[in-house]
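Okay everyone, thanks for coming. I'd like to walk you through a structure today, so have a look at it on the screen and stop me if I go too quickly.

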Amino acid sequence: MKHILIIISFLAIAINSNAQDKNYESAMLGNLELLDQARSQEDYLKCASRFERVAAAEKSLWLPYYYAAYSLVVMSFDEGDGAKKDLILDRAQGLLDKALVLQPEESELHVLQAFLYPSRILVDPMSRGMQYMELIYETLEKAKASNPENPRIYFLEGVNKANLPPSMGGGPEVARPILELALAKFEAFEAKNSLWPQWGEEAVKAELNKLH
Amino acid sequence: MRQIFAILIILTGLSAKAQQNISGKVTDKRGDAVIHANIYFEGSYDGTISDEEGKFSLSTDLSGEQLLTVSFMGYETFSALLHLSGSDTLMHIIMEEQLSEIDEVSITAGVFSASDKKKSATLNSFDIASTASAMGDIYGAYATMPGSQKVGEEGMLFVRGGDSYETKTYMDGMLVQSPFFSKMPDIPTRGRYSPLLFSETIFSTGGYSAEFGQALSSVVDLTTNGMETENKTSISLMTVGASASMGRRWENSSLAFSGLYANNALHHKLFKQSVDWIRDPLMADGTLMYRSKIGDTGLLKAFSSYNHNRMEMNYDNFEQGSLERIALSNNSFYANTSYTDELGEKWLLKGGLAFNRDLEDMNYVGNPIQTTTTASQAKLVMTHLTSEKLKIRMGGDVLLEQYQQDIHMDSIIHLEFQDLQPSLFLETELTLSKKLALRLGARAEHSSLLQSLELSPRVAAAYKTGTNSQVSLAWGKYHQRPQADLMKMVPGLNAERATHYILNYQYRKNRRIFRSEAYLKQYDKLVRYLNPYDPDPQNYDNKGAGYAGGVDIFWRDQASVNGLDYWISYSFLDTRRNYKDFPDYAVPSYASAHNMSVVCKYMFAPIMTFAGITYSYASPRPYDDKNSQDFMDGRTRSYHDISMNLTYVTSLFNKDFIIHMNITNLLGFKNVFGYTYSQSPGEDGLYESRAIVPNVGRQAVLVFLLSL
């Protein structure tokens with residue numbers, strides 16, 4: 001009887017912790033599916049809220065913070081009011097900072113940081129442009145130093161170049177090889193697990209099509 | 001095994017029974033719905049968001065003590081410990097708005113903040129550098145702000161009826177004793193420092209904090225750039241000279257160097273001068289900035305700058321009826337070191353040392369006049385962040401000013417004085433609510449030369465009248481020791497005084513800002529004398545007084561047209577004073593009743609071209625017509641100026657290359673600043689007059705800049 005009790009308690013713990021893990025993964029996968037289908041600002045905000053809940057429960061994991069911040073950054077690009085855009089980005093930055101404390105060397109987090117800055121620029125391009133462009137390059141270098149195989153680095157670099165006029169060292173001729181490199185890296189990229197960031201590949205193809 | 005199975009069924013059955021519903025509404029303090037707030041139990045993934053009416057409904061199978069969390073952008077996160085016992089709960093959650101920089105009430109009376117960092121920026125260093133009429137001069141850009149007067153022959157700031165000496169410049173909190181190049185009569189000067197050296201500049205037209213002393217009317221507060229962000233080098237060639245700058249960045253420190261050489265010789269051949277130059281104006285300067293991070297939070301900034309300018313001309317002194325040969329050579333050194341750090345979570349420390357030595361060699365018709373001014377200052381400011389609602393600032397500084405002048409005439413006249421000014425200030429900033437902020441401060445200052453202690457209380461308040469609007473009020477007492485030119489002859493003078501009253505309304509929304517400010521400034525104890533340069537101290541007193549009142553209006557819009565940024569400022573000024581050698585109360589010659597500036601900037605993004613145009617207007621200025629009985633009853637014609645600039649960004653050898661052109665007085669308006677009169681009347685009994693005009697009409701500068 002004693003043995004059975006011990007077995008039960010172990011089983012219960014095992015079931016419980018297994019359930020917890022499964023619960024995390026399935027919750028995240030469910031949220032990622034919603035994120036995949038998100039189109040409107042409201043959709044992205046809902047996703048961010050969901051990821052934030054997971055983040056609040058799993059304070060030692062960086063991915064929930066990452067996706068919460070990512071959802072907000074994507075949402076911010078559609079916001080027309082500069083003050084509101086800054087408010088959304090302040091929130092996203094707060095979440096991203098928490099993830100960076102957990103995983104300071106994670107390439108994906110630096111990529112997300114470099115993805116956030118352009119939205120800041122859009123609030124006031126004339127006075128913020130120079131300062132944030134420098135920060136973008138700096139952050140992408142950090143991302144490269146941590147993992148040069150991360151395709152999203154080259155995606156952001158390519159898009160930035162494509163949007164800069166040739167007189168400033170940009171233009172389609174400069175952007176194309178970088179975007180092609182990004183595409184090659186995407187094809188070679190192996191996600192570490194099912195929850196790993198996947199975004200960017202379709203956008204690279206779309207951007208390349210625009211250049212052709 | 002069957003037993004285990006049974007237990008599991010019981011467990012799940014129990015948990016299924018325990019599900020309960022929490023529903024309700026999320027609002028802000030006013031009762032308005034907070035839409036899309038995130039509502040969940042901490043530690044569980046389940047949650048919901050509030051709907052368009054702020055309503056929510058959340059089912060949970062958790063039990064016992066659980067922390068309910070509600071969060072949303074712009075609000076403080078709400079949390080409450082709930083005991084879940086299975087019965088449904090209805091809640092009304094009231095969220096408190098976060099004090100963000102945008103919404104926070106802040107005292108705006110008198111202040112034009114120009115920051116690259118803050119979202120509340122009204123003008124930043126790029127704005128200053130790109131204002132067409134400013135020609136790259138900080139003070140020139142602030143001359144397009146309401147409250148400043150257009151005084152073309154001076155180039156300094158005249159604020160709200162105040163004379164140019166009533167404006168003081170501070171850099172990183174330390175006084176800059178001689179911020180302008182030495183000047184010749186009727187030739188405008190400019191600031192010594194490039195706007196690109198500063199990340200933040202604040203122009204205060206009155207009601208400023210107790211941290212600043214020795215300024216009756218206005219303060220320009222410059223904050224030097226922080227760490228350089230990257231290694232960069234640039235060189236530029238101009239039609240008036242050349243400059244170079246270099247920045248180097250290491251892990252925890254950075255160094256920046258810039259140098260400029262400017263010579264107007266070519267310019268004077270291209271653009272007709274009304275001045276007979278013997279040696280064309282020449283300027284040279286070098287600036288070195290070192291920054292170092294110390295520990296996690298400390299920052300050391302060291303700034304040093306050396307400036308030289310010289311020129312020589314035949315000055316047509318109409319009053320004396322003589323052509324006077326005047327030569328000027330000025331060497332100025334300024335060093336400023338400051339350190340900021342956090343001491344624990346509650347204290348901020350800021351300390352600084354500054355040293356300024358200015359040597360001016362004037363040769364006036366063969367008579368050398370050598371003037372050396374030295375100012376040394378040490379300052380310490382401590383800020384205590386008592387709570388989110390209360391901030392206490394206190395500090396003190398010691399300023400030592402030494403002045404020496406040798407006038408070589410038939411004999412050598414030696415004049416000198418020394419003044420030690422220790423001072424203390426205390427200021428509290430209280431945020432009474434999200435709508436109401438209060439600033440109370442006082443400053444005590446002693447002068448060894450005047451042998452007096454001055455106490456200056458200062459109060460300001462701001463009240464938010466709506467989401468985008470607020471009203472500010474300021475009142476304060478200000479004092480200033482008379483200028484060195486007076487103190488050297490009459491050590492027994494007293495400080496001049498002013499009292500400021502300011503009422504400000506500001507509306508800001510989506511990068512559009514409207515400000516209007518009404519003010520009254522009362523002057524007292526202004527210095528009077530019988531004649532300028534009168535050597536007899538008996539002929540000087542402190543019995544002058546005056547007032548200045550008016551309204552300043554400012555509108556800036558960066559949102560209506562994509563790529564267009566424009567501002568309009570208008571000032572109305574009513575002022576009279578009795579000071580210097582005035583026989584009675586009169587409007588001083590620099591004061592025009594109406595001043596207006598329209599500044600437009602447009603970015604043609606597809607061709608990487610930036611264009612700016614400014615129009616400036618000032619109503620007629622007073623001058624003393626010697627042929628009339630009354631004092632200062634003459635009026636000049638009104639002042640007009642249209643200036644423009646064009647900047648084209650391209651690349652050369654794969655490097656950024658910028659071509660910049662700046663034209664002032666595009667339409668060649670014939671402006672008149674005033675009149676001088678001959679000393680004795682002609683045969684008809686009338687004094688002959690001559691207009692004081694700008695030394696140049698239309699002029700253009702061309703700059704090529706290459707970034708390496």
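Let's start with a small puzzle: which residue in β7(B) is the bridge partner of B:Asp28? It's B:Met95. Keep in mind, by the way, that what you see is a predicted model.

That pair belongs to a bigger pairing. Strand β1 of chain B, residues 20-28, runs parallel to β7(B), and seven bridges link the two. Now add one more strand and you get an open sheet of three, in the order β4-β1-β7 (chain B), with mixed pairing. In chain B, β4 (55-60) and β7 (89-95) are the edge strands, and each has a single partner, so one side of each has no neighbour in the sheet. From one strand to the next, the twist averages 25 degrees. A handy thing to remember when you look at strands: in a regular one, side chains alternate between the two faces of the sheet.

Staying with chain B, have a look at the hairpin. Strands β5(B) and β6(B) make it, with six residues between them. In the turn you'll find B:Gly74, which has a positive phi of about 85 degrees. Here the pairing is antiparallel: β5 (residues 64-71) and β6(B) share seven bridges. To find your place on the ladder, look for B:Gln66, which sits opposite B:Leu82 in β6(B). So is β6 of chain B well covered or hardly covered? Hardly covered: this strand spans residues 78-84, and of its seven residues the number that are buried is zero.

Okay, over to chain A. What do we find there, in helices and strands? Nine helices and zero strands. Chain A has 212 residues, and 40% of them count as buried. Looking at its contacts with a separation of 6 or more, 58% are between residues 24 or more positions apart.

Let's zoom in on one helix, α4 of chain A, residues 82-102. Why would we expect it to span 30 Å? It has 21 residues, and at 1.5 Å a residue the expected span comes to 30 Å; the end C-alpha atoms are 30 Å apart, so the two agree. Buried residues in α4(A) include A:Leu87, A:Ile88, A:Leu95, A:Leu96 and A:Leu100, and also A:Asp86 and A:Arg91. The helix's buried residues pack against α3 (62-77) and α5 (107-123) of chain A.

Take A:Leu96 from that list. Leaving aside neighbours within four places in sequence, its contacts are A:Tyr65, A:Ala69, A:Leu109, A:Leu112, A:Gln113 and A:Leu116. A:Leu96 also turns up in the largest nonpolar core, which has 69 residues. Along with A:Tyr66, A:Ala69 and A:Leu112, A:Leu96 is among those with the most contacts inside that core. The element giving the most to this core is α3(A), with 12 residues. Apart from it there's another core, of 52 residues, including B:Met174 and B:Tyr208. As background, in soluble globular proteins nonpolar side chains tend to be buried together.

Last stop: where the chains meet. On chain B, 30 residues are in contact with 27 residues of chain A. Among the elements giving two or more residues to chain B's side are α1 (2-17) and β34 (639-652) of chain B. The biggest giver is β34(B), with three residues. By type, chain B's side divides into 11 nonpolar, 12 polar and seven charged residues.

That's my tour. Any questions?

Notes
Residues are numbered from 1 along each chain as its sequence is written. Chains are lettered from A and ligands numbered from 1 in the order in which they are written. This is a predicted model: local features need pLDDT of at least 70, side-chain atom pairs count only at pLDDT 80 or more; totals for chains, interfaces and linings use all residues. Two strands pair if DSSP finds at least two bridges between them. Helices (H or I, at least four residues) and strands (E, at least two) are DSSP runs, numbered from the N terminus. Axes are lines fitted to C-alpha atoms, for helices over the stretch in contact, and angles run from 0 to 180 degrees between N-to-C directions. A residue is buried if 20 or more other C-beta atoms lie within 10 Å of its own, exposed if 12 or fewer, and partly exposed in between; C-beta atoms are placed from the backbone. Two residues are in contact if their C-beta atoms, placed from the backbone, lie within 7 Å. The expected span of a helix is 1.5 Å times one less than its number of residues. Ala, Val, Leu, Ile, Met, Phe, Trp, Tyr, Cys and Pro count as nonpolar, Asp, Glu, Lys and Arg as charged, and the others, Gly among them, as polar. A nonpolar core is a set of buried Ala, Val, Leu, Ile, Met, Phe, Trp, Tyr and Cys residues joined through C-beta atoms within 7 Å.
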